[in-house]
Amino acid sequence: MASNGQTTKSPPSPSPLRNSKFFQANMRILVTGGAGFIGSHLVDRLMQNEKNEVIVVDNYFTGSKDNLKQWIGHPRFELIRHDVTEPLLVEVDQIYHLACPASPIFYKYNPVKTIKTNVMGTLNMLGLAKRVGARILLTSTSEVYGDPLVHPQEESYWGNVNPIGVRSCYDEGKRVAETLMFDYHRQHGIEIRIARIFNTYGPRMNIDDGRVVSNFIAQAIRGESLTVQLPGTQTRSFCYVSDMVDGLIRLMEGDNTGPINIGNPGYFMTRLVLKEHVA
């Protein structure tokens with residue numbers, strides 16, 4: 001197997017049930033952060049396949065059990081309250097590693113916890129993937145590009161970053177997580193996938209997460225004036241959550257290691273234009 005021009009070890013062997021001649025086992029899929037916004041929509045999609053068994057782990061720092069209430073008690077679904085900074089022992093075939101606060105309000109509330117989640121949480125999930133021979137997908141972020149000097153950003157762009165800023169717990173944490181993924185891939189042969197997620201919106205967004213879409217919606221619901229940070233010409237791409245889930249599943253099932261940008265590639269709306277749409 002080769003990636004980025006470097007030869008890697010063969011991946012660890014998966015469970016013998018994968019190659020059983022007489023028993024067709026379900027695919028066991030772990031979703032960390034599965035009670036969150038994107039995670040819960042991913043769970044919904046995975047549960048539609050009757051050959052999938054889904055295990056969700058979440059500490060509910062930003063996620064909510066209500067997002068998963070339709071699956072609680074389902075025979076192919078399991079929910080575990082767990083913090084990924086602590087080791088987890090489960091038997092799975094695939095790991096979608098989404099666990100991490102993703103909005104500035106939450107990740108700046110406890111920056112040390114945020115970077116521990118990114119670094120230690122990813123280490124623990126990679127250790128699990130190594131032990132059981134699972135393929136692992138990391139949801140990274142467009143924030144790894146920092147304050148980019150190139151627009152739009154291609155995956156080959158290394159970014160323009162600040163390692164000591166107030167947002168660095170998230171940005172740099174995700175960069176370290178990507179490094180760990182590739183180091184485990186090259187050194188131990190772990191099958192990895194890395195998605196760099198751009199702005200995503202849709203049902204179950206946290207209305208108070210401090211990001212532009214939720215801010216506008218919250219102000220509109222409260223009858224307040226919609227506020228735009230000057231100069232208002234900043235551009236963002238907005239991807240609907242179902243499209244994001246499609247991208248994550250296709251990346252997991254495909255042959256491309258990544259990193260892969262996932263978002264809306266064709267429409268960059270200024271904040272002033274978005275304000276007019278919401279109003």
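At what angle do the axes of helix 1 (residues 37-47) and helix 6 (residues 241-253) cross, and within what distance do they come? In this predicted model, the two axes cross at roughly 65° and come within 9 Å. Helix 1 is therefore roughly perpendicular to helix 6, given that angles of 65 to 115 degrees fall in that class. The crossing in which helix 1 passes helix 6 is right-handed. On the side of helix 1, the contact is made by F37, I38, H41, L42, R45 and L46. Helix 6 contributes V241, S242, M244, V245, D246, L248 and I249. By class, the residues of this contact divide into nine nonpolar, two polar and two charged.

One of the helix 1 residues in this contact is H41. H41 counts as buried because its relative accessibility is 15%, below the 20% limit for burial. With neighbours within four places in sequence left aside, H41 is in contact with P203, R204, V241 and V245. Two of these partners, V241 and V245, are among the helix 6 residues listed for the helix contact. R204, by contrast, is placed in the loop between strand 9 (200-201) and helix 5 (212-221). The relative accessible area of R204 is 31%, so this residue is partly exposed. R204 also has a positive phi of about 80°, although it is not a glycine.

A second packed pair is formed by helix 3 (residues 111-132) and helix 4 (residues 168-188). Their axes are 9 Å apart, and the packing angle is about 15°. Helix 3 is therefore roughly parallel to helix 4, the angle being under 35 degrees. The crossing of these two helices is right-handed. From helix 3, the residues in contact are P111, T114, I115, N118, V119, T122, L123, L126, G127 and K130. These meet C169, Y170, G173, K174, V176, A177, L180, M181, Y184 and H188 of helix 4. Twelve nonpolar, six polar and two charged residues make up the contact of helix 3 with helix 4.

Two further residues of helix 4 were examined. S168 is found in helix 4 and is buried, because its relative accessible area is 6%. Apart from neighbours within four places in sequence, S168 is in contact with N162, P163 and G173. Q187 also lies in helix 4, but is exposed because its relative accessible area is 52%. The C-alpha atom of Q187 is separated by 6.6 Å from that of K9. Along the chain, Q187 and K9 are 178 residues apart.

In soluble globular proteins, nonpolar side chains tend to be buried together. In the present model, the largest nonpolar core has 32 residues. V31, V43, Y96 and L248 are the residues with the most contacts inside this core. Two or more residues are given to the core by each of strand 3 (27-32), helix 1, strand 4 (52-58), strand 8 (192-197) and helix 6. Helix 6 supplies the largest share, seven residues. L248, one of the residues with the most contacts in the core, also takes part in the contact of helix 6 with helix 1. V43 touches V31, G34, V54, V56, L68, W71 and F77, when residues up to four places away in sequence are not counted. A second, separate core has 25 residues, including M125, Y184, I192 and I194. Of these, Y184 also appears in the contact of helix 4 with helix 3.

Backbone geometry was examined next. Most residues other than glycine have a negative phi, and most peptide bonds are trans. Besides R204, a positive phi is found at Y60, where the value is near 65°. Y60 lies in the loop between strand 4 and strand 5 (77-81). This residue is buried, because its relative accessible area is 17%.

Cis peptide bonds are present at two prolines, P152 and P259. The bond from H151 to P152 has omega near -15°, and P152 lies in the loop between strand 7 (135-141) and helix 4. For the bond joining G258 and P259, omega is about 5°. P259 is found in the loop between helix 6 and strand 12 (260-262).

Technical notes:
Residues are numbered from 1 along each chain as its sequence is written. This is a predicted model: local features need pLDDT of at least 70, side-chain atom pairs count only at pLDDT 80 or more; totals for chains, interfaces and linings use all residues. Side-chain values use heavy atoms; hydrogens and water are left out. Axes are lines fitted to C-alpha atoms, for helices over the stretch in contact, and angles run from 0 to 180 degrees between N-to-C directions. Helices (H or I, at least four residues) and strands (E, at least two) are DSSP runs, numbered from the N terminus. Angles under 35 degrees count as roughly parallel, over 145 as roughly antiparallel, 65 to 115 as roughly perpendicular and the rest as oblique. A crossing is left-handed if the near helix is turned anticlockwise from the far one by less than a right angle, and right-handed if clockwise. Contact means heavy atoms within 4.5 Å. Ala, Val, Leu, Ile, Met, Phe, Trp, Tyr, Cys and Pro count as nonpolar, Asp, Glu, Lys and Arg as charged, and the others, Gly among them, as polar. A nonpolar core is a set of buried Ala, Val, Leu, Ile, Met, Phe, Trp, Tyr and Cys residues joined through side-chain atoms within 4.5 Å. Buried means under 20% relative accessible area, exposed over 50%, partly exposed in between (1.4 Å probe, protein chains only).
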